[in-house]
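Hello,

Here is the structure I promised to pass on. Please have a look at it first; my notes follow below.

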Amino acid sequence: MGKIDRFLNKRTMILGDVKSGKTARTAEILRQFLQAGYAEKIAVLDMAPDTIRGIGGKMERFPDEPLLYLTADVHAPRLMGENESHARQLAEANARAIEKLFLQLRRRRKEILFVNDTTLYLQAGTLKRLLEILNTTSTQVLNAYYGSTFPDSTLSRRETQLTEELMKTCDQIIYGNGA
């Protein structure tokens, strides 16, 4: 076990700005869990959009491992929205798509949950529903955007507020590539 002991039975959040290594760090921890033989107990909820203008992107896939990988076709509201109203509509559509993943996860329970781009859901989803899903597992490793790359907007303020509330429920927080 060794390297993963600090993550077992805890909620760990990896925070950072755009391109700070959040997804890579999450994948690195996931790799450690796989090497320790936990694959069948793991679910990955990948909420990230595809890479747009060098920002974002799905987690590394591990096709040879028997873990549960769930993702949806989502958009990057602040990068794709034509205006604040359109960005909000995209965020709401993302939340609906991600909630379908929550239903799949509930049906196929796992003990360990990795979440990529948690804040994409928090842009329009509810913290209560996210916590309900997180609490179905004993170990959670999630990453979230927490930075200043995007301009101030209603969507950004909501995302930051809910991320800060989620941070209060975590056992440990890792910033960017830090340990």
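Which strands does helix 3 lie across? Helix 3, residues 84–107, lies across strand 2 (42–46), strand 3 and strand 4 (112–116). Its direction is at about 160° to strand 3. Keep in mind that this is a predicted model.

Now the sheet itself. It is open and has 6 strands, in the order 3-2-4-5-1-6. The pairing is parallel. Strand 3 (68–71) and strand 6 (172–175) are at the edges. Each has a single partner strand, so one side of each lacks a neighbour in the sheet. From one strand to the next, the twist averages 15°.

One pairing in detail: strand 1 (residues 11–16) and strand 5 (residues 139–145) run parallel and are joined by 6 bridges. In this pair, T12 of strand 1 stands opposite V141 of strand 5.

Helix 5 (residues 127–134) also packs on the sheet. It touches strand 1, strand 2, strand 4 and strand 5. With the direction of strand 4, helix 5 makes about 140°.

Where do the buried residues of helix 5 sit around its axis? They are L127, L130, L131, I133 and L134. Their arc around the axis is only 160°, so they fall on the same side of helix 5.

L130 deserves a second look. The largest nonpolar core has 30 residues, and L130 is among those with the most contacts inside it, along with L45 and L166. Setting aside neighbours within four places in sequence, L130 contacts M47, F102, T118, Y121, L122 and L166. Another core lies apart from the largest one. That other core has 21 residues, including L8, I29, A39 and F62. As background, nonpolar side chains tend to be buried together in soluble globular proteins.

Two backbone details remain. N9 is not a glycine, yet it has a positive phi of about 60°. N9 is in the segment before strand 1. D117 is also a residue other than glycine with a positive phi, near 65°. D117 belongs to the loop between strand 4 and helix 4 (118–122).

Is each of these two buried or exposed? N9 has a relative accessible area of 56%, over the 50% cut-off, so it is exposed. D117 has 17%, under the 20% cut-off, so it is buried.

Best wishes

Methods:
Residues numbered from 1 in each chain as written. Predicted model: local features only at pLDDT ≥ 70, side-chain atom pairs only at ≥ 80, totals over all residues. Heavy atoms only, no water. Pairing = 2+ DSSP bridges. Helix = DSSP H or I, 4+ residues; strand = E, 2+ residues; numbered from the N terminus. Axes fitted to C-alpha atoms, helices over the stretch in contact; angles between N-to-C directions. Contact = heavy atoms within 4.5 Å. Buried < 20%, exposed > 50% of the residue type's maximum accessible area, 1.4 Å probe, protein only. Arc of directions from axis to C-beta. Core = buried A, V, L, I, M, F, W, Y, C linked by side-chain atoms within 4.5 Å.
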